[in-house]
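User: Hi! I have a new model open and I'd like to walk through it with you. Could we start with the helices and then move on to charges and pockets?

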Amino acid sequence: MTIEEFEEFYAQAAGRLTGQLYVMLGDHHEAQDVVQEAFVRGWGRRRQLDRDGRPEAWIRTVAWRLAVSRWRGRRRTADAWQRTAPAGHVEGPGPEAVALVEALRQLPLKQRRTMALHYVCDLTVEQIAAETSLSTSTVKTHLSRGRVTLSRHLQDPRIEEAPDA
């Protein structure tokens, strides 16, 4: 991959990858940091990225691993979830986005990552299995259980269920 090709790849993928990692991590600053660091590491491997044919998956995986390494270095993982929003005036997320992120935080880490890879990154079960080193049946289980948990957390309490007729 030439310098120009890498710059074009960065311009096209950085925002998308940051959004994907934000959904996986629940922290926008952390997502920006790990994606940026992954691109820095990818810069030195430009030729290999080109040969692999999946540079975006490589960057996403490196960013994910960087985030996990950071968590392990902290005394408590709760600190990662209690960071402040980006500085400056930024339009806040709508109530639906807040509810979704909060519901995603209720999922176990592997389920959350699997759900994000499938629904945000549009990866197939097989692609997720290859990227996460999980079996396809485990990926399907994470997706199924994640959907059930999310449906419970995302139910609108204002809507009463109709009694059985």
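Analyst: Happy to! One term first: the bend at a residue is the angle between axes fitted to the seven residues ending there and the seven starting there. Also keep in mind that this is a predicted model.

User: Okay, so where does helix α1 bend, and by how much?

Analyst: Helix α1 covers residues 3-25, and its bend of about 40 degrees is at A13.

User: Is A13 itself buried or exposed?

Analyst: A13 is one of the buried residues of α1. Others in that group include F6, F9, A14 and L17.

User: And what comes right after α1?

Analyst: That's G26, which has a positive phi of about 80 degrees.

User: Switching to charges: how many salt bridges are there?

Analyst: The structure has five. One of them joins the side chains of E56 and R16, at 2.8 Å from N to O. That pair ties together distant parts of the chain, since E56 sits in helix α4 (residues 55-73) and R16 in helix α1, 40 residues apart.

User: Why can side chains like that pair up at all?

Analyst: Side chains of opposite charge can pair when their charged atoms come close.

User: Which other partner does E56 have in helix α4?

Analyst: E56 also meets R60 in a salt bridge, at 3.9 Å from N to O. The two are four residues apart in helix α4, so about one helical turn separates them.

User: Why does that spacing help?

Analyst: An α-helix has 3.6 residues a turn, so residues three or four places apart point the same way.

User: Are E56 and R60 buried or exposed?

Analyst: E56 counts as partly exposed at 21% relative accessibility, while R60 is buried at 5%. The cut-off for buried is under 20%.

User: What about E102, who does it pair with?

Analyst: E102 forms a salt bridge with R105, with the closest N and O atoms 3.7 Å apart. Both lie in helix α6, three residues apart, about one turn of the helix. Elsewhere, salt bridges with shared partners connect R16, E56, R60 and E131 into one network.

User: Nice. Last topic: how much space is in the second largest pocket?

Analyst: About 160 Å³. Its lining includes V23, L100, M115, Y119 and R147. The elements giving two or more residues to that lining are α6 (95-105), α7 (109-119) and α9 (136-153).

User: How many lining residues fall in each class?

Analyst: The lining of the second largest pocket has nine nonpolar residues, one charged residue and no polar ones.

Key:
Residues are numbered from 1 along each chain as its sequence is written. This is a predicted model: local features need pLDDT of at least 70, side-chain atom pairs count only at pLDDT 80 or more; totals for chains, interfaces and linings use all residues. Side-chain values use heavy atoms; hydrogens and water are left out. On a 1 Å grid over the protein atoms alone, a cavity is a set of points where a 1.4 Å probe fits but cannot get out, and a pocket is an open set with protein on both sides within 12 Å along at least five of seven lines; lining residues have an atom within 4 Å of a point. Grid points are joined across faces, edges and corners, and a volume is the space filled by probe spheres set on the points. Ala, Val, Leu, Ile, Met, Phe, Trp, Tyr, Cys and Pro count as nonpolar, Asp, Glu, Lys and Arg as charged, and the others, Gly among them, as polar. Buried means under 20% relative accessible area, exposed over 50%, partly exposed in between (1.4 Å probe, protein chains only). A salt bridge is a side-chain nitrogen of Lys or Arg within 4 Å of a carboxyl oxygen of Asp or Glu.
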